[in-house]
2 protein chains.
Amino acid sequence: MPPMDTALARERALDAAEELFYARGIQAVGMDELRGASGLSLKRLYQLFPTKEQLVVAYLVRRDERWRGRLAAHVARQRDPRERIPAVFDWLQEWFGETGFRGCAWLNAYGELGATSTLVAEQVRAHKEAFRGYLASLVDAAGLPAVLTGPLFLLAEGAMVTAGVTGGARPAAEAREAARALVAAAGADGISRWSPTP
Amino acid sequence: MPPMDTALARERALDAAEELFYARGIQAVGMDELRGASGLSLKRLYQLFPTKEQLVVAYLVRRDERWRGRLAAHVARQRDPRERIPAVFDWLQEWFGETGFRGCAWLNAYGELGATSTLVAEQVRAHKEAFRGYLASLVDAAGLPAVLTGPLFLLAEGAMVTAGVTGGARPAAEAREAARALVAAAGADGISRWSPTP
DNA sequence: AGCGATGGAGAACGAGCGTTCTCCATTCGG
DNA sequence: CCGAATGGAGAACGCTCGTTCTCCATCGCT
């Protein structure tokens, strides 16, 4: 096989990593299999990513950018800021229904490596923090009280983890209806009903 | 070391397994370390549990019984059926605050082994199903609409997974307040607002 | 007392895997 | 053209770990 541009080789490596790591788990995929799937030699792989851990982190980083990008693109199609919050759960539902869906890649990675690799654990926390921040921006833009962010985030996380374990898209619908109810309760007058615990 | 009653040996093995598996992850703990921590010989361990996988399943089963027992005992202290639902989240908050809390043992096990071991995956699903069924019984006893069960379950799952990743007890409080709001909305009149999607 | 079974301590085996090394073909600058 | 560097293919290394095996002490039973 002829040599290959470095950027393209990186892309190939990350494509193979994403496909295999997500589908079968990180520990279940060896560097040798990654070599075969990427078409790169082990030498090349190791000069791009000196350790498997760094390849895992790079996989999570790239997937994070794409995942949040897809979510934001879907949500932005709603003009009404109030409708953007349920749209998050609509997108989750679509995602859960995709063939090959195997739960949240970051929670899976955390379960496998969070106790072993601080780099991976940090990456997972960063991703979840970014997602939470995005929800907070939607809540704010809709003129809703900021205390809604936490519950909405928990509903989304619960839906992701449940869909991952049971393998259906139903949790997204349940979460969306619950989110609607919370938004309605908070948007009507309910802020006082809700006081955040000090 | 003198021989030991079989039931006691089983207990010792499961004690060691639970402590080490939960604290450090299943794959990170080898049978050799389990031997040291349990005080049993490798031979004995293997005649009690012919494979590591079976030991993992037994660990999850015993923990499931204890975990749901502790939860139910805490919740049962509330006389008012309506108060029993928030009490679930109170108990979660206590649990999250315990020293050594490392997230939900079943979700952790699923992340590590769900893709590899169908026995473990089944055990995790059984545990989650049992927990969901328990919530359903609380919802029913409180005279609330059954559609509340799903959202409450998702809030609890989201709280567990978030507390596991970020390591604080705050998600439990957020989930409890959200649960209160959902119960209030459903209990007042809001059932129609909510209609489950067909 | 003698014997067969149980079990303890730990060595040994075999597989998997992350990482490195060897060997060789190709390429590119002078 | 030539020599140094790049990179491909894959063997090799070293370690971990699940599982099994060896050797020997102990104990119950007749």
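Q: How do the residues of the surface near DNA strand D divide by class?
A: They comprise six nonpolar, four polar and four charged residues. Here a residue is near a strand if one of its heavy atoms lies within 4 Å of it. Ala, Val, Leu, Ile, Met, Phe, Trp, Tyr, Cys and Pro count as nonpolar, Asp, Glu, Lys and Arg as charged, and the others, Gly among them, as polar. This is a predicted model, in which local features need pLDDT of at least 70 and side-chain atom pairs count only at pLDDT 80 or more, while totals for chains, interfaces and linings use all residues. Residues are numbered from 1 along each chain as its sequence is written, chains are lettered from A and ligands numbered from 1 in the order in which they are written, and side-chain values use heavy atoms, with hydrogens and water left out.

Q: Which residues come nearest to DNA strand D?
A: Of the 14 residues around the strand, Ser41(A), Lys43(A), Gly30(B), Met31(B) and Lys52(B) come nearest. Of the atoms of DNA strand D that come within 4 Å of the protein, 54% belong to sugar and phosphate.

Q: And which part of DNA strand D is 2.7 Å from the side chain of Lys43(A)?
A: A base oxygen of DNA strand D is 2.7 Å from an N or O atom in that side chain. This is a polar contact, meaning a pair of N or O atoms within 3.5 Å; within protein, one must be able to donate a hydrogen and the other to accept it, and residues adjacent in sequence count only if both atoms are side-chain atoms. For Lys52(B), a side-chain N or O atom is 2.4 Å from a phosphate oxygen of the strand. A polar side-chain atom of Gln47(A) lies 3.2 Å from a phosphate oxygen of DNA strand D.

Q: Which elements give two or more residues to that surface near DNA strand D?
A: They are helix H3 (42-48) of chain A and helix H3 (42-48) of chain B. The largest share, four residues, comes from H3(A). Helices (H or I, at least four residues) and strands (E, at least two) are DSSP runs, numbered from the N terminus.

Q: Turning to the other strand, which residues come nearest to DNA strand C?
A: Gly30(A), Met31(A), Lys52(A), Ser41(B) and Lys43(B) come nearest, out of 12 residues around DNA strand C. Sugar and phosphate make up 59% of the atoms of this strand that come within 4 Å of the protein.

Q: What lies 2.7 Å from a phosphate oxygen of DNA strand C?
A: A polar backbone atom of Met31(A) does. In addition, side-chain N or O atoms of Lys52(A) and Gln47(B) are found 2.5 Å and 3.0 Å, respectively, from a phosphate oxygen of DNA strand C. H3(B) gives the most to the surface near this strand, with three residues.

Q: What rotation superposes chain B on chain A?
A: A rotation of 180° with 0.0 Å of shift along its axis superposes them, with an RMSD of 0.0 Å. The two copies are thus related as by a two-fold rotation axis. They are superposed by least squares on the C-alpha atoms of residues with pLDDT of at least 70 in both.

Q: How many helices and strands does chain A have?
A: Its secondary structure comes to nine helices and zero strands. Of the 198 residues in chain A, 53% are buried, where buried means under 20% relative accessible area, exposed over 50% and partly exposed in between (1.4 Å probe, protein chains only).

Q: Which residues of helix H2 of chain A are buried?
A: In H2(A), residues 31-38, they are Met31(A), Leu34(A) and Ser38(A). Seen down the helix axis, the buried residues of H2(A) fall within an arc of 55°, so they line one face of the helix. The arc is that of the directions from the helix axis to the C-beta atoms. These buried residues pack against helix H1 (6-24), H3 and helix H4 (52-75) of chain A.

Q: Is Arg132(A) buried or exposed?
A: Arg132(A) is buried, with a relative accessible area of 16%. Arg132(A) lies in helix H7 (residues 118-141) of chain A. Leaving aside its neighbours within four places in sequence, Arg132(A) is in contact (heavy atoms within 4.5 Å) with Thr149(A), Gly150(A), Phe153(A), Arg170(B) and Glu174(B).
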